[in-house]
Every structure is written in C-alpha cells, then in structure tokens.
Amino acid sequence: MTKHFRAPLAGLAAVAIAAWLPMPAAAFPDQPVNYIIPFDPGGESDISARFQQPHFAEITGQDLIIQYLPGAGGASAWSGLNDYEGDGYTIMGTNLPHIVLQPLLQDPGYDTDDIVNVYIFHFTPDALIVRADSPYETLEDFIEAANEAPGALTASGSGTNSANDVANQLFENETGAVVTYIPYSGTAPSVTALLGGETDAAWGYTTVAAAQGDQVRTLAVAMEERHPNFPDVPTFRELGYDIVGGAYRGIAVPDGTPEERRQELSDIIAEINANPDFIAQMEEAGFAMIDVPYAEAADWMDERKAFYAEIAEQLAAGR
Amino acid sequence: MDMLGFLGEALSARNLMFALLGVIGGTVIGALPGLSATMAIAVMVPFTFALEPASGLIMLGAIYTGAIYGGAFAAILVNTPGTPSAIATTFDGYPMARRGDGDLAVTIATIASVVGGLIGGLLLLTLSPMLAQVALRFGSTEYFWLAVLGLTLIAVLSEGNLVKGLMGGCLGLLLSMVGVAVVGGDVRFTFGQRELLGGIGIIPALIGLYCIPVLIDMVARPGQHLEAPPAGRGFRLLEAAGIAIRDFWNLIRSSLIGTVVGILPGAGGSIASLVSYSEARRTAKNQAEYGKGAPGGLLSTESANNATVGGGFIPTLVLGIPGTPPDAVILGALLVQGIRTGPALFETQGSIVYTFIFGLLIATVLMLPVGLLIGRYAFRFIVATPKALLVPLIAFMTVLGSFAVHNHPSDVFVMVALGVVGWLLNRAGYGPSPIVLGLVLGQIAEQGFVRAWMIGGARGDFMGQLIVNRPISWAIVALILLTVCLPLLKTLRNRRMKEAS
C-alpha cells in the first residue's frame, strides 16, 4: 500500500495518513508471516523483533510470528534460509558482521551472497564502556594507559570474530593502542566481567550502555553523530578516530522470493522504521536507526563486505 | 503500598489464576525432555503484553519454576532428565523408582522443590542488592574451579570403577570441544559437518545417553518397567515429609548453594544440583547409599535447582544481567514493556517487582498440590501403561524433544548416535553420568581457564589471576581437595586397619 514510499525521514506525515487508508483487497500479506530469529530468545535481535511485531500487525492486519532457530552463532538458520518456500511468508533476521565474517573465517554452509537482504533497519553502535568508578574518565585516558603498557589493558566482549572483536581490531587500527580482547560466551557474562572488575573495559553496544545505566560510563560510541539517548557521550569521530559501525540487523528472504514480494516486504519494514513511536522506543533502548531498503541493499552489502574483508584478515592473522 | 499490599495484590484471584496456570503448564513442559523452560516462556511472552506487567511476570515466573521442578519426573521415572537441571536427580531418583519407591521419590522431589524455591524466592525478596554482588565477585577463574569441583563428582559417581569413570569423563570433555570455540574461534572436531559447528547440544546428549539405553533395556527385559505400588497407597506425603525433616540441614544447605549458583550468570541449575549433590554426599552419614537410591540425594538436587530460580532473578532485576537463559527472555519482555531493570528498579517499579516476587513465592507453594497430583498421574501412567505402548511413546518423545531444541533434524541424529554409543558403553560398564558431566562442565572449565590465562597474561601475573589473589577460588579449591582426598584417606586408613588386624 505504500509502494512509492522510499524516504522514511521525509515522510513521517505520509505514514500517519497511510495508516488510515483502507487495505486494498488481496494485498500482500493475506496470512500471518513467519519471522525467524537465528538466535536464542532474549537477545537484541529478539527484542527488536518484539518491538516490530505490533507495528507489523497494525500496518498489514496480519500477525508477525516470531520463531527461534539458534545454533552456531546464527549459521544454522542462515545455511537453511534458501530451503524455505519463497512466497514472502517466511522472513529471517540477518546480522552483520556475522553473515560476512562467518563465510570468510569458517565454512558455515552458506555464502554471504546467498542471503537476499530486503531491508537493513538498525544497528547497535559499538561503544567502549568502563565501570562508573573506573580511573579512565575519557577515551584519551584509556588510550594513554593502553600506550603506556601495550596489551596490559583488557576489554571483554561477546565471542571471537564477532562484532565486538571487530570493534577492538578497528580501535587498535585507528588509535595504535594495543588492548587485549577477552571473548565471553555472550553479552551477559561480558558485562558481568566488566562490572566485577575482571576486565578494564567492555566492548558493547549503546544497548548495553542503556541497560546498565549508572553502573557504567561510556567513553565513546561508533556513530556519525551522538546517540539521542546519550547526548553527553562523544563519538569516536569527534575525538579524531574514524570508527563508525556496530552490529547491523535486517531481514532476508529465501532466494526464491519474487522481486515484487521483496519490494513489498521492504516497504512494510520501511513504514515500521519510520513510525515515530517505534523510533522513540528503539532509541530509548539504545538502538540506532538506519534505512537500507531492498533497492539499495545489494550495494550496501558490497560496501560492508569490502570493509570486513580487511578486518577478517587482521583477525585471522592475530590468532 | 506496603509489603502486605503487594502480597494482597499477588493473592488477587487473577494473579493466583496466572500462577496456577503457569505452574501446571511449566511442570508438564519440564517433564517432557527437550521442551525447555526457555522455549515455553518465549512462546508465552507475546500473551503477557496484553496483561498487567505484574500478572504477566507472575505467569512467566510460574512457568519457569514449574518447568525446573517438572524435570524431576522424567529423571525419576525414566532415568532421563527432563531439563539439564535434573541431571543429578537421576542419580538417586531412578534407583528409587526401580526398587518400587517411585511415588515416594516424586513426593520427596516435590517437597524439596518447594522448599528450595521458597528459600531462593525469600532471598530474592530480602537480600537482592547485596547478593547481586556475588555475581560480580565470581570471575572466569572461579567458574573454572567451580567446573572442576563439579568434575570431581565423576570420582564419587564411579566408585569402585574409577578408571572407567575417568575415561567416560574424558569422552565427555572431548564432546564438549566440538564446534566453533567461543574463545579463539577455531573450528574443532566437526569433520566437515557444518551441523556440528554449533557443538554437541546438551539436551540431545542427555536424551540420547540416558533415555535410549533405558528404552533398549525396557524392550530387552521381560516384565513391567516399574513395579506397581500396592493398591491404596497414597502420596506417601508424611513419609516424605519425615525424611525431609530428618535431613533438614541438607535441604537448607542445598537451597543456599542453589541460590548462590543461580546468581552466577553462566552457571545455572545443572551445576547447582551437581555441586549440592556432591556436598550432600560428602557430609551424609549413609554415603554408601548415595547413587543407589538415597532420598538425601534427591532432596539436595531438587531443592538446589529450584532455588536457582529465585537466585537467577537477583542479577536479572538488580544488575540487568540475566542469571539464566529463561531470565534473558523475561528481561527482554520487561524491556519491551518499558521497565528498566537496575539498582533503582526496586524503588521506581517497586509495586511491579514486589508483586511479582510474592507471585513467584505463591506459585512455588502451588507446586505442592499441583506437583503431587501431576506426579501421581505421571507415576501411575508409567506404571500402568503396557511396555508395548510406553516404549514407542517415549521413543517418539525423544525424537520430538531433541528436534525441538533447534527445530533441526541434526540434533535427532546426535541424540540417536549418542544413545547407541551410550548403550554400548553401558554394557561395557561405563555409566552415562561421567560423560554428561564432562560435556556440561567442559565448556565452562575451558573458557574459564583460557580467559584467566589471557587476562593473567595481559597483566603479567597468571598465577595471581588463577588462584593466588582469588579468595573465593581458595574456598572452592579447598572443597575440591576435600572431595577428592577424604575418600582416599579413608581407603588408606581402612587398609591399614585391616593389615593391623
């Protein structure tokens, strides 16, 4: 119903109007849509799907049914994506850098290009976080301490070859500091390690910073501009380091899905992503919105692939 | 509102109904191997958005505590832990059922679960902010030693056959290494099978190693699976209560261990019940009976695993760090409802939090009648159903349960393969428990050690990181030494006395 809707930020009013328009007969979707999350329930992918769920129902009149298919850091689900029927009623969450790094560093059973992304809707910007009582007041304090004793400072994060691992590598590349990255089995134990003093800092996201509140101090976030929920936290760019990124999330469809359906799904997600209430909810939880619709998704992926390929080599060489 | 007001709110007809429904649903799901509390809670989360936050939370908490308790049924009646938390319940529960005391075992498990759940819940109610600090004091080093303490149980469980027990444990450790390593990212022992990248799942392994040999055994052996009780025998509630009261300290100690282990993110019910079992056995007067159907073993494991429920909510609510996987789902539900967790939660959202905690306590109490009734039905069902029906039914559940973990057939293959291997090893005298202990604890031990090594390396003080500067580790290592050395000393003394006489 909002086929021509492409520029979400320019069209907030249009959405409000569009929501009132009656649904054309036999429009897609006319039955519930299955939304497969390649991770366990309770993580960031699940939470953002839960936020999207009611808006999807409001726009389409159909339910969005969330299912979980965890395993091998998402690879179990992605390697089976193209086996589903491509009728538009099965969509799957995709995550970067996972879908780029996994095929580069292991043999996960799929190639990055096998995955048809129809929309990338937000990212959780990397954030360097320390305890509230940490001696490092600013990013410069931290870098100075790291330079005094290269490798002696530790930063916890979730997993090896993960977004947090990439963030640490980027940080080292940009600042020249050497920080020992300590991988944990998830965000919860990584944050616990930070709060308990086992590590000096944690690579997390703005979502982590939002969840931990006063217990932590965020030294910098990897965004182009400051996060609306953290107006006092500088970006790495402001401080002179070109680090922008984090863990990106979107949805993909089986490769048998017709072009028309891909576009329709992209339009629906665009509409959700432009809803001011939705944006407010997401930003309060620490997410940062981006909009990469289906038409731009392939180019955007090529750009990210080139970016991560270099990092992947460094990560592989570092071990 | 004061505390009595919150209690009254939790006792409202609506909240009581949600607690009751949650406990019933949770108990049934927990009793079916493979269907986990995490999945049950995830399925119910969208429905709770339509409810008052406190009511929704009460239902989720009731499902959680019911599922942890329900895991005992399958452990006792068919030697298969319904949830990983019930692994140690098989040690004494199944031998009790085999000698005709299945009904008593179920009732003991019910009493222990209620007591454990209440102690965990009361500590959550009263000491949360203080106890949350425990989660922060436990570093990678302590997880490593805790896993080693759990592994010492192998020696305890395979008394008289230590070599076979240790070999089983090593097989389990090898199995735990399969897949992509969390620390280091290297791909190990997958033999090119991408299905193995995620590792060997604990639930398919549990079902395969414990349940398949029992199934084969049921087919191979004439007669009923379990002896029918004499007609007119009731719940044996008084008998069970008597046992629980006589073993009062075991119950309290196990509940406290359960609460503390529950607080640790990344430990959970299986470790809590293993550690408390080890402690219960070490301090018991009738040590020799443990593993052969000692009610004390059952009391310790079931009180400990239900105590982890309350314990797990402590870091979830106070620190915003989920103590267990079901807590992570509940934390997500809180976030979507706009409730921020953290130290201020008890002040800003006091009415929701306290109503929820009282609701959780009420749900725990409700487990007594609900559990006794469901347990009696489950026991009668297993006893009365002819084997020709029971075996295919359980076989079907094993496939369903292992498929449900990831909705993927590869877990079913793992289950069947480990089942056949487990049966063959059983015949050769290798029990399933050492293998399972290796599998469950291997990851925790490995990650804990490697991280201690990395952090110690970065700071140039590995031994300090591993043990020297870690008082909590001293205590755990002391327990390890006690567990390993006391039986050795006892054997030596017995031998000397024999020689003297």
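How many residues of strand E9 (residues 246-253) of chain A are buried? The legends below belong to a predicted model. The first view takes up the question.

**View 1. Strand E9 of chain A and its two partners.**
E9(A) covers residues 246-253, and 8 of its 8 residues are buried, so the strand is largely enclosed by the rest of the structure. Find strand E3 (residues 90-96) of chain A. E3(A) pairs with E9(A) in the antiparallel sense, over 5 bridges. One place to look is A:Thr94, whose bridge partner in E9(A) is A:Gly250. Now find strand E4 (residues 116-131) of chain A. E4(A) also runs antiparallel to E9(A), and 8 bridges join the two. Here A:Asn117 has A:Ala252 of E9(A) as its bridge partner.

**View 2. Strand E5 of chain A, inside the fold.**
E5(A) is made of residues 154-158. Of these 5 residues, 5 are buried, so E5(A) is largely enclosed by the rest of the structure. Which residues point which way from this strand? A:Thr154, A:Ser156 and A:Ser158 point one way. A:Ala155 and A:Gly157 point the other way. Residues on both sides are buried.

**View 3. The parallel neighbours of strand E5 of chain A.**
E5(A) and E6(A) pair in the parallel sense, with 5 bridges between them. In this pair, A:Ser156 stands opposite A:Ile182 of E6(A). To get from E5(A) to E6(A), the chain passes through helix H6 (residues 163-175) of chain A. This β-α-β crossover is right-handed. Strand E7 (residues 201-205) of chain A is another parallel partner of E5(A), joined to it by 2 bridges. There, A:Ala155 stands opposite A:Ala201.

**View 4. Where the two domains of chain A touch.**
The domain assignment splits chain A into domain 1 (8-123 + 246-317) and domain 2 (125-221). Domain 1 is thus written as two stretches of the chain. The C-alpha centres of the two domains lie 28 Å apart. How many residues of each domain are in contact? The contact joins 15 residues of domain 1 to 14 residues of domain 2. On the domain 1 side, helix H4 (98-105), E9 and helix H11 (294-317) of chain A each give two or more residues. H11(A) gives the most, with 3 residues. By class, this side of domain 1 has 10 nonpolar, 4 polar and 1 charged residues.

**View 5. The contact between chain A and chain B.**
Chain A brings 45 residues to the contact, and chain B brings 39. Which elements of chain A supply at least two residues each? They are helix H2 (44-60), helix H3 (75-78), strand E6 (180-184), helix H7 (187-195) and helix H8 (206-212). H7(A) gives the most to this side, with 6 residues. By class, the side of chain A that touches chain B has 20 nonpolar, 19 polar and 6 charged residues. E6(A) appears here as well as in View 3, where it pairs with E5(A).

**View 6. B:Leu21 on a helix of chain B.**
B:Leu21 lies in helix H2 (residues 13-31) of chain B. Is this residue buried, exposed or partly exposed? B:Leu21 has 17 C-beta neighbours inside 10 Å, so it counts as partly exposed. Look also for B:Met59, which is 38 residues away from B:Leu21 along the chain. The C-alpha atoms of the two residues are separated by 7.3 Å.

**View 7. The setting: chain A and chain B as wholes.**
Chain A has 11 helices and 10 strands. Its C-alpha trace spans about 70 × 40 × 30 Å along the principal axes. Chain A has a radius of gyration of 20 Å, which agrees with the value near 20 Å for a compact globule of 319 residues. Of those 319 residues, 55% count as buried. Chain B has 20 helices and 2 strands. Its radius of gyration is 22 Å, close to the 23 Å that the globule rule gives for 501 residues, so chain B is as compact as a globular protein of that length. The C-alpha atoms of chain B fill a box of roughly 70 × 70 × 55 Å. Buried residues make up 60% of its 501 residues. Among contacts with a separation of 6 or more, residues 24 or more positions apart account for 76% in chain A and 78% in chain B.

Terms used
Residues are numbered from 1 along each chain as its sequence is written. Chains are lettered from A and ligands numbered from 1 in the order in which they are written. This is a predicted model: local features need pLDDT of at least 70, side-chain atom pairs count only at pLDDT 80 or more; totals for chains, interfaces and linings use all residues. Helices (H or I, at least four residues) and strands (E, at least two) are DSSP runs, numbered from the N terminus. The radius of gyration is taken over C-alpha atoms; the globule rule is 2.2 Å times the number of residues to the power 0.38. A residue is buried if 20 or more other C-beta atoms lie within 10 Å of its own, exposed if 12 or fewer, and partly exposed in between; C-beta atoms are placed from the backbone. Two residues are in contact if their C-beta atoms, placed from the backbone, lie within 7 Å. Ala, Val, Leu, Ile, Met, Phe, Trp, Tyr, Cys and Pro count as nonpolar, Asp, Glu, Lys and Arg as charged, and the others, Gly among them, as polar. Two strands pair if DSSP finds at least two bridges between them. A crossover is right-handed if, with the strands pointing away from the viewer, the path from the first strand over the helix to the second runs clockwise. Domain bounds come from an automatic or database domain assignment.
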